[in-house]
Amino acid sequence: MTFEYLTQCQFPPLAEPYDSALREAVAHILLRFQPVGIIASGTIIRGNPGPSSDLDVYVIHQDTFRQRIQRLFNGVPAEIFVNSPQTVRGYFEDEHRNARPITAHMLTTGFVVLNRDPVVARLRQEAQDYLDTPPNPTVEQLRWFRYLIGSQYEDARDVADKDPVTASIILRQAVYEMLRYRFRLANRFLPRDKDLLGGLDELDATLAELARSFYGTTNIKLQLDYAAQIAERTVRVTGFFEWESEAEKV
């Protein structure tokens, strides 16, 4: 059965060692699982790998378990995600709510290696539908993010004089969330960390420059100054502010 499934597979044109790695990964999957679909994704498949890029291989099966596997194939790291259609749909919903549609992106941009069931095409269409729908955060959600970020920023200022190293750690976390908040405010999906500044260049070039200045200095006074400017362009709070949540039945 493994050989029969293997003959049904299609492989993208990849250079070595990636071509052999993907074929080994697929053979490994077919020995262990009964997939109805296999989708290879990631920068290797898209043709722009970096030094540490890995293969992302999404396996769709009709069984009732999910599993994640990390292995080396032909010296290439690979992450294998094994899920049922029901689980995949749960990821679509949760990740869209959190503005990080990772699964939807993998399924739409990936290469279909094996397709043995109409559910594969349906999942890919559903994934595209999620990507075409902005995250639409509520006012309450945005307010909650502002509260958390403002609290972090306030904590950093509280300890800046007596413990500048701790202040810097907290401040870096706060600024990171401020930058992500800018995407939420623009009703955009959150980019990957390695694409964060590049996305900001396109969304808010001034903010991107401030972020580079902030992360480019170790001087806590300068960090505080840049953070204040970044806060002004994003969350517009630097600590405590008055607000209340909606009444919620418990």
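**Exercise 1. Ala-99: burial and backbone**

Task: Decide whether Ala-99 is buried or exposed, and state where in the chain Ala-99 is placed.

Solution: Ala-99 has a relative accessible area of 4%, so Ala-99 is buried. Buried stands for under 20% relative accessible area, exposed for over 50%, and partly exposed for what lies in between, with a 1.4 Å probe and protein chains only. Next, the place of Ala-99 is the loop between α4 and α5. Helices (H or I, at least four residues) and strands (E, at least two) are DSSP runs numbered from the N terminus. Last, phi of Ala-99 is near 65 degrees, a positive value in a residue other than glycine.

The model is predicted: local features need pLDDT of at least 70, side-chain atom pairs count only at pLDDT 80 or more, and totals for chains, interfaces and linings use all residues. Residues are numbered from 1 along each chain as its sequence is written, and side-chain values use heavy atoms, with hydrogens and water left out.

**Exercise 2. Asn-187**

Task: Find the loop that holds Asn-187 and state what phi Asn-187 has.

Solution: Asn-187 lies in the loop between α8 and α9. Its phi is near 60 degrees, a positive value in a residue other than glycine. With a relative accessible area of 27%, Asn-187 is partly exposed.

**Exercise 3. Strand β2**

Task: Explain why strand β2 (residues 55-61) is described as largely enclosed, and name the strands with which β2 pairs.

Solution: Start with burial. Seven of the seven residues of β2 are buried, so the strand is largely enclosed by the rest of the structure. Take the faces in turn: Leu-55, Val-57, Val-59 and His-61 are buried on one side, and Asp-56, Tyr-58 and Ile-60 are buried on the other.

Now the pairing, for which DSSP must find at least two bridges between two strands. Strand β1 (residues 35-41) pairs with β2 in the antiparallel sense over six bridges, and Gly-37 has Ile-60 of β2 as its bridge partner. Strand β4 (residues 76-83) runs parallel to β2 and is joined to it by six bridges; here Leu-55 stands opposite Ala-78.

**Exercise 4. The second largest pocket**

Task: Give the volume of the second largest pocket and the make-up of its lining by class.

Solution: The volume is about 170 Å³. A pocket is found on a 1 Å grid over the protein atoms alone, as an open set of points where a 1.4 Å probe fits, with protein on both sides within 12 Å along at least five of seven lines; lining residues have an atom within 4 Å of a point. The lining includes Ala-99, Arg-100 and Phe-145. Helices α7 and α8 (164-185) each supply at least two lining residues. By class, five are nonpolar, two polar and four charged.

**Exercise 5. The largest nonpolar core**

Task: State how many residues the largest nonpolar core has and which element gives the most to it.

Solution: The core has 32 residues, and those with the most contacts inside it are Leu-171, Val-175, Met-178, Leu-179, Ile-230 and Val-235. The elements giving two or more residues to this core are α7, α8, α9 (196-203), α10 (205-215) and α11 (220-233). Of these, α8 gives the most, with nine residues. A nonpolar core is a set of buried Ala, Val, Leu, Ile, Met, Phe, Trp, Tyr and Cys residues joined through side-chain atoms within 4.5 Å.

Key. Grid points are joined across faces, edges and corners, and a volume is the space filled by probe spheres set on the points. Ala, Val, Leu, Ile, Met, Phe, Trp, Tyr, Cys and Pro count as nonpolar, Asp, Glu, Lys and Arg as charged, and the others, Gly among them, as polar.
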